[in-house]
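User: I'd like to go through this model and ask what stands behind each label. Could you walk me through the reasoning?

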Amino acid sequence: MKIFMDTADVTEIAEFANLGIVYGVTTNPSLIAKTGKSQAEVIPEISKLVEGPVSAEVIAIDCDNMVKEARELVKISSNIVIKIPCIPEGLKAVKILTTEGIQTNVTLVFSLSQALLAARAGATYVSPFIGRLDDIGVDGVKLVADMVKVFKTYGLSTEIIAASVRNMAHVDAVMLAGAHIATIPTNVLKEMPNHQLTDAGLKKYLEDYQNSIK
Ligand code: E4P
């Protein structure tokens, strides 16, 4: 499973990109609003920090304007992927963009039916939102597992990005479910290297080393 960062914060992305563990980035209008900058300012900066895909979301909700926005966004850098909401007009836009060779990430996906339509429209990526499903009492991880099974059964090449990840248990579960990618918020990514037994083990090793050289 590849790791993407789910943030538009350039400082955070730079920190993790330097470690070499983050391949791509996903943004959305809410994440960009948190930075206090515009999408036009932030996306070019992010696209230089990672070699993999950087998802930039369209604001239009009609096909023609989504396609227009997408054509402008991809001029920023060769690693831009156009994030399109899973609505009928969005699926039409995905079809057009796919024929133009523009990569897409169908977002706000909450059901297997939506995932199938996105894949059939030619989406490069599809993003099931697991945390938001959990919030309404639906098992978000199960949707990812079901999508993995269905995409394998029907030979669909669209890659699954587990999104709306809220904690390390989500990361472990979508890894086991076979998601191609998890897009992970910075607070969860920061927790991932840590384990109390690692800290305790290291403390003991350092104490024993100090005692051994006395
Ligand atoms: C990623 O593509 C999504 O925009 C993001 O994961 C949504 O996460 P949230 O449900 O925590 O806002």
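Analyst: Happily, and let's begin with the largest pocket: the element with the largest share of its lining is α2, which supplies three residues. Bear in mind throughout that this is a predicted model.

User: Which elements give two or more residues to the lining of the largest pocket, and which residues lie nearest its centre?

Analyst: The lining comprises 18 residues, and those nearest the centre are D6, N28, L31, R132 and S164. Two elements reach the mark of two or more lining residues: α2 (29–35) and α10 (186–191). The pocket holds about 320 Å³ of space.

User: What makes up the lining of the largest pocket in terms of nonpolar, polar and charged residues?

Analyst: Seven of the lining residues are polar, six are nonpolar and five are charged.

User: S164 lies among the residues nearest the pocket centre. Why is S164 called buried or exposed?

Analyst: The cut-off for buried is under 20% relative accessible area. S164 has 10%, so it counts as buried. You will find S164 in the loop between β7 (159–162) and α9 (168–177).

User: What makes the backbone of S164 worth a look?

Analyst: S164 is not a glycine, yet its phi is positive, about 55°. Most residues other than glycine have a negative phi.

User: What is the phi of L108, and is L108 buried or exposed?

Analyst: L108 also has a positive phi without being a glycine, with a value near 60°. L108 belongs to strand β5 (residues 104–109). Its relative accessible area is 30%, and the class between 20% and 50% is partly exposed, so neither of your two words applies to L108.

User: How do you know whether C63 and C86 form a disulfide?

Analyst: A disulfide needs two cysteine sulfur atoms within 2.5 Å. The closest cysteine sulfur to that of C86 is in C63, 14 Å away, so the two are too far apart for a bond. C63 is therefore in no disulfide, and the count of disulfides is zero.

User: Why are C63 and C86 called buried?

Analyst: Set both against the limit of under 20%. C63 has 4% relative accessibility, so it passes as buried, and C86, with a relative accessible area of 11%, is buried as well.

User: Which residues touch the most other members of the largest nonpolar core?

Analyst: I82 and V144 do, in a core of 61 residues. Helix α8 (residues 140–153) is the element that gives the most to this core, namely six residues. Another core lies apart from it, with five residues, among them F4, Y125, I161 and I181.

User: What is V144 in contact with beyond its sequence neighbours?

Analyst: Setting aside neighbours within four places in sequence, V144 is in contact with P128, I130, I160, A162, V174, A177 and A179. Being in contact here means having heavy atoms within 4.5 Å.

User: One last residue: where does P185 lie, and why is P185 called buried or exposed?

Analyst: P185 sits in the loop between β8 (181–184) and α10. Its relative accessibility is 16%, which is under 20%, so P185 counts as buried. With neighbours within four places left aside, P185 is in contact with D6 and V165. That brings us back to the pocket, as D6 is one of the residues nearest its centre.

Technical notes. Residues numbered from 1 in each chain as written. Predicted model: local features only at pLDDT ≥ 70, side-chain atom pairs only at ≥ 80, totals over all residues. Heavy atoms only, no water. 1 Å grid on protein atoms, 1.4 Å probe; cavity = no way out; pocket = protein on both sides within 12 Å on 5 of 7 lines; lining within 4 Å. Points joined across faces, edges and corners; volume = space filled by probe spheres on them. Helix = DSSP H or I, 4+ residues; strand = E, 2+ residues; numbered from the N terminus. Nonpolar A, V, L, I, M, F, W, Y, C, P; charged D, E, K, R; others polar. Core = buried A, V, L, I, M, F, W, Y, C linked by side-chain atoms within 4.5 Å. Buried < 20%, exposed > 50% of the residue type's maximum accessible area, 1.4 Å probe, protein only.
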